[in-house]
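Hi there,

Here is the structure I promised to pass on to you. Please have it open while you read, and my notes follow below.

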Amino acid sequence: QYNVGGLRRDLITLAGDFAVLEAHIGASQNMGGRIAAVGALGVGAVVAMMNKAATAAGEVRKVEVGFETILKNAGAAKRLSEQVREFDIKTPFTFLETAQVAQQLLAAGFRNDLIPTLYGIGNAVAAAGGGTDKFVRVAQIFAKMRAENKLRMFEVYQFARAGIPIAETLMRQFGTVDARQINKMYAGKGSIEAIIARIVGDFDSSFKGAIERIQGTLPGAMEN
């Protein structure tokens with residue numbers, strides 16, 4: 001699996017690499033000068049840049065294929081991949097793991113609420129001092145809730161173990177930390193969607209901006 005410091009950082013590095021390449025080549029107005037400019041940079045360096053770009057593009061394409069398998073729509077899969085890349089650029093979490101999380105949430109039934117859920121989880125995890133591993137762990141809790149169509153005390157415990165102050169969130173949103181009581185409040189079709197939306201919304205408002213504050217940290221470096 002390709003993960004040399006995270007695909008996100010490689011893509012950003014590639015953007016800088018190609019800017020340098022363009023500056024060298026663009027300064028020459030004739031073909032001979034452009035070839036000489038490439039030679040000055042070194043053929044090996046240019047080839048390495050192109051290989052890295054191809055590998056990164058291949059990983060992005062794999063992500064799109066995974067999304068397309070679930071969504072059954074190539075256009076929707078491409079748009080979601082772009083949204084995940086945009087989320088990744090703004091966060092300290094690695095692209096491939098973020099994409100895997102998105103795929104798990106998709107499989108569990110998340111659709112239009114997927115990207116807002118990623119941001120809510122990301123802010124809560126960042127506020128708790130977590131990195132990519134914790135981000136993945138918390139997202140899996142939401143996926144399990146959605147797939148099983150209910151909140152259980154086990155999930156409440158798992159949130160707490162991940163360092164997420166879930167008791168405060170539940171008290172603010174539902175007035176209780178008892179999962180059974182919360183499920184009763186939202187009995188019926190769409191109940192778990194409403195419960196998740198309130199939890200995620202609380203995460204996003206209570207911990208807003210936490211992702212940006214740790215943006216400069218290395219992916220996964222802040223694990224407990």
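Let me begin with the contacts: among those in the chain with a separation of 6 or more, 68% are between residues 24 or more positions apart. Please keep in mind that this is a predicted model.

The overall fold

The chain has twelve helices and zero strands, so reading from the N terminus you meet one α element after another, α-α-α-α-α-α-α-α-α-α-α-α. Of its 224 residues, 42% count as buried.

The largest pocket

This pocket holds about 170 Å³ of space. Its lining is made up of L71, A76, R79, L80, Q83, L106, R111, N112, L114 and I115. By type, six of these residues are nonpolar, two are polar and two are charged. Which helices each supply at least two residues of the lining? They are α4, which spans 74-90, and α6. The largest share, four residues, comes from α4.

A residue in α6

Helix α6 covers residues 114-127, and T117 lies in it. Is T117 buried or exposed? Its relative accessibility is 3%; because buried means under 20%, T117 counts as buried. Leaving aside residues up to four places away in sequence, T117 touches L105, F110 and V200. The side chain of T117 also reaches the backbone oxygen of D113, at 2.6 Å. If you would like a distance to check on your screen, the C-alpha atoms of T117 and A139 are separated by 8.5 Å, and these two residues are 22 apart along the chain.

Helix α8

Helix α8 runs over residues 153-161, and its buried residues are E155, V156, Q158 and F159. These residues cover an arc of only 160° around the axis, so they sit on the same side of α8. What covers them? The covering elements include α7 (132-148), α9 (166-174) and α11 (191-206). After α8 comes G163, which has a positive phi, near 85°.

If you want a place to start, try selecting T117 together with L105, F110 and V200, the residues it touches. After that, you could colour the pocket lining by type, to see the six nonpolar, two polar and two charged residues. Finally, you could show E155, V156, Q158 and F159, the buried residues of α8, along with α7, α9 and α11, which are among the elements that cover them.

Happy browsing, and do write back with any questions.

Best wishes

Key: Residues numbered from 1 in each chain as written. Predicted model: local features only at pLDDT ≥ 70, side-chain atom pairs only at ≥ 80, totals over all residues. Heavy atoms only, no water. Buried < 20%, exposed > 50% of the residue type's maximum accessible area, 1.4 Å probe, protein only. Contact = heavy atoms within 4.5 Å. Polar contact = N/O pair within 3.5 Å; in protein donor to acceptor, adjacent residues only side chain to side chain. 1 Å grid on protein atoms, 1.4 Å probe; cavity = no way out; pocket = protein on both sides within 12 Å on 5 of 7 lines; lining within 4 Å. Points joined across faces, edges and corners; volume = space filled by probe spheres on them. Nonpolar A, V, L, I, M, F, W, Y, C, P; charged D, E, K, R; others polar. Arc of directions from axis to C-beta.
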